[in-house]
Amino acid sequence: MILSTLETVPNHRIVEHYGIVNGSTVRSKHFGRDLMAGIKNTFGGELKGYTELLNESRAEAMSRMQQQAQQAGANAIINIRFSTSSVAAGAAEIYVYGTAVRVEPTA
Amino acid sequence: MEILFLLALLVVAYCTGSYSEKKHLASIRIREAQAPRIPVLSTEKDIPAQGVRATRLVSGSTVVGVDYFRNMLGGLINLFGGRITIFESVLDRARREALLRMRQEAAGASFIGCVRYETTFLNDSERGKSPPTVAIIAYGTAFYTDTASADAIPAY
């Protein structure tokens with residue numbers, strides 16, 4: 001599946017639109033790691049545990065979006081945007097959305 | 001006794017905070033110099049498509065916290081208004097780190113187009129009580145014109 005933040009796929013033309021597809025996850029670190037991040041937070045610097053969490057959640061949200069697109073019969077998602085918000089302390093929502101389309105290579 | 005403990009914590013936070021900030025900045029500078037030289041564009045229109053063999057969504061993210069001392073100092077400056085360089089530095093480091101990771105993920109690409117940043121504060125709900133923690137995602141579309149690196153792209 002072609003994923004792009006642009007409105008088009010280079011050297012391809014859009015033959016069909018399937019509408020918006022999206023994926024979202026709300027995740028929180030388990031207690032032990034949250035505690036460690038809390039301690040680390042007192043002293044500043046990168047919170048690796050949270051970065052890892054962010055990466056995992058993003059991957060999950062993206063795979064959900066791709067599943068939706070696949071079910072619709074699309075082979076590309078264009079104009080992808082990420083959106084994040086914090087739901088509770090240490091828990092964040094990652095929301096990713098885009099437009100599912102079918103593209104064909106232009107000769 | 002409690003005040004002493006708080007003071008001790010502030011001093012320790014200040015020392016480790018400045019140390020980790022300096023270390024982080026130095027490491028960012030080194031890695032920025034070493035990272036693949038890929039032009040990063042924020043535009044989405046009029047991107048040259050000739051010779052493009054493949055495209056791929058690339059992204060980089062990071063979570064950075066402000067230390068206790070700086071947070072208090074920032075709060076103090078906030079009372080009087082003006083530039084709060086303490087928070088500027090944290091956001092700057094976080095964005096640069098995220099962009100750097102995105103560039104590293106795009107190794108082999110000719111350029112990255114339509115780059116967007118997404119920012120969120122993780123402990124928004126308890127603002128004021130604990131130091132801000134900022135999470136940044138930088139993402140964009142990598143364009144591969146070179147056949148070898150286009151073939152080497154991991155599939156989604």
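**Strand E1 of chain A**

I started at the front of chain A and looked up the bridge partner of Ile2(A), which is Ala76(A) in E4(A). This is a predicted model, so I kept to what was computed from it. E1(A) and E4(A) run parallel, and two bridges join them.

**The sheet of chain A**

Next I traced the rest of that sheet. It is open, with four strands in the order E1-E4-E5-E2 (chain A), and its pairing is mixed. E1 and strand E2 (12-28) of chain A are the edge strands, each pairing on one side only.

How many bridges join E4(A) to E5(A)? I got ten, and the two strands run antiparallel. I noted two partners in E5(A) for later use: Arg81(A) goes with Tyr97(A), and Phe82(A) goes with Val96(A). I jotted a reminder beside these that side chains in a regular strand alternate between the two faces of the sheet.

**A salt bridge inside chain A**

I searched the whole structure for salt bridges and came away with 18 over all chains. The one I stopped at pairs Glu56(A) with Arg27(A), where the closest N and O atoms are 2.9 Å apart. It links distant parts of the chain: Glu56(A) sits in helix H2 of chain A and Arg27(A) in strand E2 of chain A, 29 residues apart.

**Chain B on its own**

Then I turned to chain B. Its secondary structure comes to four helices and three strands, and along the sequence I read the pattern as α-β-α-α-β-β-α. Why do I call chain B more spread out than a compact globule? Its radius of gyration is 20 Å, well over the 15 Å that the globule rule gives for 156 residues, so the label fits. I also boxed the C-alpha atoms of chain B along the principal axes and got roughly 70 × 30 × 25 Å.

**A sheet with strands from chain A and chain B**

Which strands make up the other open sheet I followed, and in what order? I wrote down E3(A)-E1(B)-E3(B)-E2(B), four strands with antiparallel pairing. E3 of chain A is an edge strand here, together with strand E2 (111-121) of chain B, and each pairs on one side only.

At the chain A end, two bridges join E3(A) to strand E1 (residues 54-65) of chain B, running antiparallel. I checked Gly45(A) and found its bridge partner in E1(B) to be Gly65(B). Within chain B, nine bridges join E2(B) to strand E3 (residues 133-144), again noted as antiparallel. There I picked out Thr120(B), whose bridge partner in E3(B) is Ala135(B).

**The A–B interface**

I went on to the contact between the chains. My list has 37 residues of chain A in contact with 48 residues of chain B. About 3300 Å² is buried between chain A and chain B, with carbon and sulfur atoms giving 57% of that area. On the chain A side, Leu6(A), Phe43(A) and Phe82(A) lose the most area to chain B, together 17% of what that side buries. Phe82(A) was already in my notes as the partner of Val96(A).

How many salt bridges are there between chain A and chain B? I counted three. I looked up the one where the side chains of Glu46(A) and Arg101(B) meet, at 3.0 Å from N to O. For polar contacts across the interface of chain A and chain B, I have eleven residue pairs, both residues at pLDDT 80 or more.

Which elements of chain A give two or more residues to the side that touches chain B? I listed strand E1 (2-3), helix H1 (31-43), strand E3 (45-46), helix H2 (48-72), strand E4 (76-88) and strand E5 (91-105). E4(A) gives the most, with nine residues. Sorted by class, that side of chain A has 17 nonpolar, 16 polar and four charged residues.

**Last note**

I closed by going back to E4(A), which came up in several entries. E4(A) pairs in parallel with E1(A), runs antiparallel to E5(A), and gives the most residues to the side of chain A that touches chain B.

Note on methods
Residues numbered from 1 in each chain as written. Chains lettered and ligands numbered in written order. Heavy atoms only, no water. Contact = heavy atoms within 4.5 Å. Buried area = accessible area lost by both parts, 1.4 Å probe. Salt bridge = Lys/Arg side-chain N within 4 Å of Asp/Glu carboxyl O. Polar contact = N/O pair within 3.5 Å; in protein donor to acceptor, adjacent residues only side chain to side chain. Nonpolar A, V, L, I, M, F, W, Y, C, P; charged D, E, K, R; others polar. Pairing = 2+ DSSP bridges. Rg over C-alpha atoms; globule rule 2.2 N^0.38 Å.
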